[in-house]
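These are my notebook entries on a protein and nucleic acid model. I set down here what I looked up, item by item.

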Number of protein chains: 2
Amino acid sequence: MREKTARIVQEWTDACDAEISIAVLGGAWKPSILSLLREHEVLRFGELSRLLDEPTARVLTRQLRELEDDGLVIRTVYRQVPPKVEYRLSELGRGSLPLVDALTSWGGSYAEHQRSLLPEASAPVAR
Amino acid sequence: MREKTARIVQEWTDACDAEISIAVLGGAWKPSILSLLREHEVLRFGELSRLLDEPTARVLTRQLRELEDDGLVIRTVYRQVPPKVEYRLSELGRGSLPLVDALTSWGGSYAEHQRSLLPEASAPVAR
DNA sequence: CGGGATCCGTTTCGATACTG
DNA sequence: CAGTATCGAAACGGATCCCG
């Protein structure tokens, strides 16, 4: 478990469990990474990078390490030249998918709702 | 809608809707605020502050304004002396509660799972 | 009572360059 | 190929002081 997650998990007694979820899933690209690993079962670093919108290696590496530290993804290193590293979901990671779906679903509805309130919407509006 | 949310809502085309949810719900105290407003229907600033663990007024104010800007809470100002300000959930805010519950539930399970892996756990361990 | 103004330390994201 | 090292910019949470 990475330090940030550990701090929140341990210091919390009351009803703020939601913030634990956000600490674990709330990084840039993390929901997308988890969804891609559901679709593809196992992905190499470069494959993940291409399927996402080419985040910098620095950023992608950090997100993957955090997910690994928090126990959601499993990282397998093949010691060979050129190097090969595979990522897949752990049991805990698979268990997070329903929540990721819920986040995606509500976020999509929210975005649609908000776009419908914009002045010059490009969507066909009945009027 | 606050600027951060607007940026994310507009610039996103693909499957990253989950990050919209996190942008809206991911601030400090926000899930707790929403839960408290479900329990109490309507709360004044000072009541909210006491029910939470006394965050600084600066911080609580910002979270409430962001929730208001994003359309989840409704702020009502009574122009009187001393001032009185009430907060309640909007329709959109009530619609977020199932997601808040899902975050709370998964976060609680995650925390419990992780605590069970700690070396010197204080919980009674069968062994 | 319910904030606003100001300042600060930390975290986070991201770009660029380099490497086993 | 899969990163690491270094740097900069911005966002965030929080403390302190002040106000109508």
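The entries below take the DNA contacts and then the aromatic rings.

**Entry 1: the model.** I note at the outset that the model is predicted.

**Entry 2: surface near DNA strand C.** I looked up which residues surround DNA strand C. There are 22 of them, and A:Pro83, B:Arg58, B:Arg65, B:Arg75 and B:Tyr87 come nearest. Sorted by class, this surface has 10 nonpolar, 7 charged and 5 polar residues. I then asked which helices and strands each supply at least two residues of the surface. In chain A I found helix H5 (57-69). In chain B I found helix H4 (45-51), helix H5 (57-69) and strand E3 (84-89).

**Entry 3: backbone or bases.** Which part of DNA strand C supplies the atoms within 4 Å of the protein? Sugar or phosphate accounts for 66% of these atoms, and the rest belong to bases.

**Entry 4: arginines at phosphate oxygens.** I looked up the distance from a phosphate oxygen of DNA strand C to an N or O atom in the side chain of three arginines. For B:Arg65 the distance is 2.6 Å. B:Arg65 is also among the residues that come nearest to the strand. For B:Arg44 the value is 2.9 Å, and for A:Arg62 it is 3.1 Å.

**Entry 5: aromatic pairs.** How many aromatic pairs does a search of the whole structure find? The search finds 2 over all chains. In one of them, A:Trp106 and A:Tyr110 are stacked, with 5.3 Å centre to centre and 25° between the planes. Both residues lie in helix H6 (residues 91-115) of chain A, 4 residues apart, which is about one turn of the helix. A:Trp106 counts as buried because its relative accessibility is 12%, under the 20% cut-off. A:Tyr110 is buried as well, at 1%.

B:Trp106 and B:Tyr110 also form a stacked pair, with 5.2 Å centre to centre and 25° between the planes. They lie 4 residues apart in helix H6 (residues 91-115) of chain B, again about one turn. Are these two residues buried or exposed? B:Trp106 is buried, with a relative accessible area of 12%, and B:Tyr110 is buried at 2%.

**Entry 6: lysine over tyrosine.** Finally, I looked up charges that sit over rings. In chain A, A:Lys84 lies over the face of A:Tyr78, at 5.0 Å from the ring centre. In chain B, the charged end of B:Lys84 sits over the ring of B:Tyr78, 5.0 Å from its centre.

Terms used. Residues are numbered from 1 along each chain as its sequence is written. Chains are lettered from A and ligands numbered from 1 in the order in which they are written. This is a predicted model: local features need pLDDT of at least 70, side-chain atom pairs count only at pLDDT 80 or more; totals for chains, interfaces and linings use all residues. Side-chain values use heavy atoms; hydrogens and water are left out. A residue is near a molecule or strand if one of its heavy atoms lies within 4 Å of it. A polar contact is a pair of N or O atoms within 3.5 Å; within protein, one must be able to donate a hydrogen and the other to accept it, and residues adjacent in sequence count only if both atoms are side-chain atoms. Ala, Val, Leu, Ile, Met, Phe, Trp, Tyr, Cys and Pro count as nonpolar, Asp, Glu, Lys and Arg as charged, and the others, Gly among them, as polar. Rings of Phe, Tyr and Trp (its six-membered ring) pair if their centres lie within 6.5 Å; planes under 30 degrees apart count as stacked, over 60 as edge-to-face and the rest as tilted. Buried means under 20% relative accessible area, exposed over 50%, partly exposed in between (1.4 Å probe, protein chains only). A charge sits over a ring if NZ of Lys or CZ of Arg is within 6 Å of the ring centre and within 35 degrees of the ring normal.
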